[in-house]
Amino acid sequence: MGVKIKEPLTVMGLSNLTVTALTVFPPVYYPGSILPEKLAAVMGFLPTVSAARLMTEGGGEAFLISLFWLVFGALLLWKFRGFED
């Protein structure tokens, strides 16, 4: 978006809208059974969607995806430790 749209405020607004649409609405308001199959499969890899599925459905694939995001987040924290000084 930042390459195509040169106005920073417009990019920030669209970015916030896109992030909200991809991370909040699908897991909270639209369960995977309502979404089209391909979209539900892609959305399952988002951390918020997998966490919502983990809380509602229990385990399985959602647990593995949540575990991946846990390990990935821990690696990022470890890699960038010391930058807060």
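**Exercise 1. Decide whether Ser50 is buried or exposed, and list what surrounds this residue.**

Solution. Ser50 has a relative accessibility of 1% and therefore counts as buried, where buried means under 20% relative accessible area, exposed means over 50%, and partly exposed lies in between, with a 1.4 Å probe and protein chains only. The structure is a predicted model, in which local features need pLDDT of at least 70 and side-chain atom pairs count only at pLDDT 80 or more, while totals for chains, interfaces and linings use all residues. Residues are numbered from 1 along each chain as its sequence is written, and side-chain values use heavy atoms, with hydrogens and water left out.

The next step is to place the residue: Ser50 belongs to helix H4, residues 47-57, helices being DSSP runs of H or I with at least four residues and strands runs of E with at least two, numbered from the N terminus. Leaving aside residues up to four places away in sequence, Ser50 touches Gly44, Ala62, Ile65, Ser66 and Trp69, a contact being heavy atoms within 4.5 Å.

**Exercise 2. Describe where Trp69 is found and which residues it touches.**

Solution. Trp69 is found in helix H5, which spans residues 61-79. With a relative accessible area of 28%, Trp69 is partly exposed. When residues up to four places away in sequence are not counted, Trp69 touches Phe45, Leu46, Pro47 and Ser50. Of these, Pro47 is found in helix H4 and, at 37% relative accessibility, counts as partly exposed.

Two C-alpha distances can then be added to the picture. Trp69 and Ala51 are 18 residues apart in sequence and 9.7 Å apart in space, whereas Pro47 and Phe68 are 21 residues apart in sequence and 9.1 Å apart in space.

**Exercise 3. Work out how many aromatic pairs the whole structure holds, and classify those that involve Trp69 and its partners Phe68 and Phe72.**

Solution. A pair of aromatic rings is described by the distance of the centres and the angle of the planes. A search of the whole structure finds 3 aromatic pairs, counted for rings of Phe, Tyr and Trp (its six-membered ring) whose centres lie within 6.5 Å, with planes under 30 degrees apart taken as stacked, over 60 as edge-to-face and the rest as tilted.

For Phe68 and Trp69, the ring centres are 5.2 Å apart and the planes stand at 70 degrees, so this pair is edge-to-face. Trp69 and Phe72 also form an edge-to-face pair, at 5.7 Å centre to centre and with 85 degrees between the planes. Because Trp69 and Phe72 are 3 residues apart in helix H5, they are separated by about one helical turn.

Accessibility completes the description: Phe68 counts as partly exposed at 48% relative accessibility, and Phe72 is partly exposed with a relative accessible area of 37%. Taken together, Phe68, Trp69 and Phe72 form one aromatic cluster.

**Exercise 4. Identify the residues that make the nonpolar surface patch, and place Phe63.**

Solution. The patch covers about 580 Å² and is made by Phe63, Leu64, Leu67, Leu70, Val71 and Leu75. Patches consist of residues with over 30% relative accessible area and no salt bridge, like charges being joined within 9 Å and nonpolar side chains (Val, Leu, Ile, Met, Phe, Trp, Tyr) within 5 Å; a salt bridge is a side-chain nitrogen of Lys or Arg within 4 Å of a carboxyl oxygen of Asp or Glu. Phe63 is found in helix H5 and is partly exposed, with a relative accessible area of 45%.

**Exercise 5. Locate Gly32 and state what it touches.**

Solution. Gly32 lies in the loop between helix H2 (25-29) and helix H3 (37-43), and at 27% relative accessibility it counts as partly exposed. Not counting residues up to four places away in sequence, Gly32 touches Ala40 and Arg53. The C-alpha atoms of Gly32 and Val49, which are 17 residues apart along the chain, are separated by 9.0 Å.

**Exercise 6. Summarise the protein chain by its helices and its buried residues.**

Solution. The protein chain has 5 helices and 0 strands, and along the sequence the pattern reads α-α-α-α-α. Of the 85 residues in the protein chain, 16% are buried.

Conventions:
Areas by Shrake-Rupley, 256 points an atom, 1.4 Å probe, with all protein chains shown as cover.
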